[in-house]
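Here is a briefing on how the chains of this assembly fit together. Please keep the sequence and the structure in view as you read.

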Amino acid sequence: MFELLRWLDLFGVIVFALSGALMAGRYKLDPFGVVVLSAVTAVGGGTIRDVILDTTVFWVADPIYLFVILMTAILTILIIRRPKRIPKRFLLIADAFGLALFAVLGTQKSLNLGAPIPVAIVMGTITGVAGGMIRDVLCNVIPMILRQEIYALAAMLGGCLFVVFHTFGLSENVSTICAIVGALKLRLAAIYWQVSLPAFHISEKEQ
Amino acid sequence: MFELLRWLDLFGVIVFALSGALMAGRYKLDPFGVVVLSAVTAVGGGTIRDVILDTTVFWVADPIYLFVILMTAILTILIIRRPKRIPKRFLLIADAFGLALFAVLGTQKSLNLGAPIPVAIVMGTITGVAGGMIRDVLCNVIPMILRQEIYALAAMLGGCLFVVFHTFGLSENVSTICAIVGALKLRLAAIYWQVSLPAFHISEKEQ
Amino acid sequence: MFELLRWLDLFGVIVFALSGALMAGRYKLDPFGVVVLSAVTAVGGGTIRDVILDTTVFWVADPIYLFVILMTAILTILIIRRPKRIPKRFLLIADAFGLALFAVLGTQKSLNLGAPIPVAIVMGTITGVAGGMIRDVLCNVIPMILRQEIYALAAMLGGCLFVVFHTFGLSENVSTICAIVGALKLRLAAIYWQVSLPAFHISEKEQ
C-alpha cells in the first residue's frame with residue numbers, strides 16, 4: 001500500500017512540475033528559472049500543508065522529490081527543444097492531474113496525522129490548489145481557481161469522496177484511487193465542455 | 001474574559017470572510033471559489049502568525065472557524081442573490097474591521113505566547129494585513145497596504161495601543177477594546193475623508 | 001567567526017530592506033507602507049527557510065533585525081527626501097547583494113541544522129530569492145527571477161560554491177566569503193552586460 005501511495009505522490013509531483021515548466025515556457029524563462037517555477041508548483045501545496053500541520057516537510061524528509069522535479073524540468077526543456085506551438089490544453093490537463101492527486105493524498109495524509117475531518121478536507125484542498133496558485137501569481141496570471149471551470153469544487157470533492165469511501169469500509173488504497181478518479185473526471189469534464197457553476201456576481205457602484 | 005476575546009476573534013473572521021466574498025463577487029467566481037477566497041482572507045494572517053510563532057494553527061485546533069467561514073460565504077451569496085450594485089465602500093469597511101480586530105488580537109496572542117514587545121507588534125500587523133494582502137494578490141489587485149490611506153499605520157497603532165494600555169494597568173479586556181476602537185477609528189476616518197500620509201516618491205530614470 | 005556571519009547577515013537584511021524601500025518609492029507608498037515592504041523583502045526568504053526547517057524564526061529569536069529594517073527604511077526616506085530620479089540600477093544592485101549573501105548564508109545555516117546537501121542548496125536559493133519575489137508580487141511586478149538575467153542560477157551557484165569550498169577543506173568563513181563573491185560577480189556581470197541564458201520558449205496555440 002505504501003508503495004502505491006508513494007508512486008501516486010511522485011506522479012503528482014511530476015505533473016505539477018510539468019505544468020510549471022510549461023508555464024515557464026510561455027514566459028521565456030532561462031533553464032534555472034524553469035527549474036524554480038517547476039519546483040514551486042510541485043511542492044508549494046504540500047509544503048504549506050506540512051508547515052500548518054507542523055510535521056516535517058515532505059521534501060526535506062526525502063530529497064528524492066527534488067531530483068524528480070529537476071529531471072522533469074530538464075526533460076521538458078530537452079523534449080520541447082525549440083519554440084513549438086503546444087496546445088494550451090496540455091497545461092490545463094497536467095494541472096488537473098496534479099489537482100486531483102494532491103487533493104486526495106493531502107486529505108489522507110492529514111487524517112493519518114490525526115486532523116479532524118473538516119480540517120483534513122481543507123488541507124487536501126490546500127495541497128491541491130496552492131502550488132498552482134503560487135505558479136500563477138508569480139507569472140502574474142489570474143489563478144485558475146478564480147476562473148470558473150469547477151476548480152475548487154473538484155479539489156474539495158476529491159477529499160470528501162476519500163472520506164466517504166473510507167468511512168464506508170473501502171480499503172485505503174481503493175478509496176484513494178476512486179476519489180482521485182472522481183475528482184479528475186469532474187475537472188476534465190469541466191475543461192472539455194467548458195462547464196461552469198453559476199457565478200456569484202457583484203457589480204459595484206463607486207461610493 | 002476568554003469569552004469576549006473569542007467572540008471578537010470570530011467577528012474578525014466573519015468580517016474578513018465577508019470582504020473575501022465581496023471581492024470574489026467582483027470576479028464572478030463560482031460558489032466554491034467564493035468559499036476558498038473567503039477562507040484565505042479570513043485565516044491567512046492568523047495562520048502565518050501561528051506558523052512563525054510555532055504554535056498550533058488556530059483553525060486546526062478549533063475547526064469552528066471553518067464552519068463560520070463557510071456560513072459567511074453561503075449567506076453572502078444567498079443574501080446578494082442576483083447581480084446587484086454594492087457600494088464599493090462595503091468591502092473597505094469590512095476590511096477595516098478585520099484589520100483593527102486582528103492587529104490587536106494578534107499582538108495580544110503573541111505577547112501571551114511570550115514574544116518580546118516589538119515582535120508582538122509585528123505579529124499583530126501581520127495578522128491584520130496578511131489575509132487581505134493574499135486576497136488582493138490572488139485577484140491581481142494592488143494590495144490595500146500599497147495604496148495610501150493609512151493602512152499599515154492603523155494596524156501598527158492597534159498593537160502599540162494595546163501594549164500601552166496594558167502596561168498602564170488597564171485590564172486585558174479593556175485594553176483590547178480600546179485599542180481596537182482606536183485603530184478602527186483611524187482607518188475609518190482615513191477612508192471617509194480619504195486622508196493619506198505624505199507619500200515617499202522616487203521617479204526613476206532608466207540607467 | 002560567529003561575528004563575521006552575523007555582520008554579513010545584517011548587511012543582507014539592510015540591502016534587501018533598501019531594495020524594498022526603493023521599490024516602495026516607485027509606488028508612492030506612505031512611510032508605514034515603506035516600512036512594511038522593506039520588512040517583507042528583508043525577512044521573507046529567511047522566514048520561509050526557518051519555518052520549513054522548523055527552527056525558531058531568526059527575527060523572533062533576535063528582534064535586532066526589526067530595528068535594523070526600521071532604521072534602513074527611515075534613513076532611505078530621509079536621505080531621498082524629495083522626489084528624485086534614482087537610477088533604476090540601484091534597486092537591481094541592492095537586490096543582487098541580498099541575493100548572493102542570503103543564498104550562501106541560507107545554505108550554510110541549513111547545513112548546520114543538519115539538512116542534506118541538496119535540501120540545503122534549495123533552502124539557500126529560497127532564502128535568496130523569496131524576499132524579492134514577495135516584494136515584486138505585492139507590487140504587481142513580474143518577479144526578477146522570471147526575467148532573464150541569470151537570477152536563479154546565481155543563487156544556486158552561491159550555495160553550490162559554499163558546499164564545494166567547504167568540502168575541499170576551506171574554513172567556514174573563507175568558504176562563505178568566496179561563495180558570496182562568486183554568486184555576486186555572476187549576477188552583477190549579468191546585470192552589467194545584460195547577459196541571459198538561452199530562454200526556454202513555448203508559443204501556444206489555442207486548443
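**Chain contacts at a glance**

Chain C and chain A bury about 3,400 Å² between them, and carbon and sulfur atoms give 68% of that area. The model is a predicted one. The points below take the contacts, then the symmetry, then the single chain.

**Chain C against chain A**

- Chain C brings 32 residues to this contact, and chain A brings 40 residues.
- Zero salt bridges are found across the interface of chain C and chain A.
- Zero residue pairs are in polar contact across the interface of chain C and chain A, counting pairs with both residues at pLDDT 80 or more.
- Four elements of chain C each supply at least two residues to the side that touches chain A: helix H2 (31-53), helix H6 (117-138), helix H7 (152-167) and strand S2 (202-205).
- H6(C) supplies the largest share of that side, seven residues.
- By class, the side of chain C that touches chain A holds 23 nonpolar, five polar and four charged residues.

**Chain B against chain C**

- Here 32 residues of chain B are in contact with 40 residues of chain C.
- The area buried between chain B and chain C is about 3,400 Å². Carbon and sulfur atoms give 68% of it.
- The salt-bridge count between chain B and chain C is zero.
- One residue pair is in polar contact across the interface of chain B and chain C, with both residues at pLDDT 80 or more.
- On the side of chain B that touches chain C, two or more residues come from each of helix H2 (31-52), helix H6 (117-138), helix H7 (152-167) and strand S2 (202-205) of chain B.
- H6(B) gives the most to that side, with seven residues.
- The residues on the side of chain B that touches chain C divide into 23 nonpolar, five polar and four charged.

**Symmetry**

- How can chain B be laid on chain C? A turn of 120° with a shift of 0.0 Å along the axis does this, at an RMSD of 0.0 Å.
- Chain B and chain C are thus related as by a three-fold rotation axis.
- Chain C is superposed on chain A by a rotation of 120°, with 0.0 Å of shift along its axis and an RMSD of 0.0 Å.
- Chain C and chain A use different surfaces: 12% of the contact residues of chain C recur in chain A.
- Chain B and chain C meet through different surfaces, because only 12% of the interface residues of chain B are also interface residues in chain C.

**The single chain**

- Chain A has eight helices and two strands.
- From the N terminus on, the order of elements in chain A is α-α-α-α-β-α-α-α-α-β.
- The C-alpha trace of chain A spans about 50 × 50 × 35 Å along its principal axes.
- What radius of gyration does chain A have? Chain A has 17 Å, which agrees with a compact globule of 207 residues, since such a globule would have a radius of gyration near 17 Å.

Notes
Residues numbered from 1 in each chain as written. Chains lettered and ligands numbered in written order. Predicted model: local features only at pLDDT ≥ 70, side-chain atom pairs only at ≥ 80, totals over all residues. Heavy atoms only, no water. Least-squares fit on C-alpha atoms with pLDDT ≥ 70 in both. Contact = heavy atoms within 4.5 Å. Buried area = accessible area lost by both parts, 1.4 Å probe. Salt bridge = Lys/Arg side-chain N within 4 Å of Asp/Glu carboxyl O. Polar contact = N/O pair within 3.5 Å; in protein donor to acceptor, adjacent residues only side chain to side chain. Nonpolar A, V, L, I, M, F, W, Y, C, P; charged D, E, K, R; others polar. Rg over C-alpha atoms; globule rule 2.2 N^0.38 Å.
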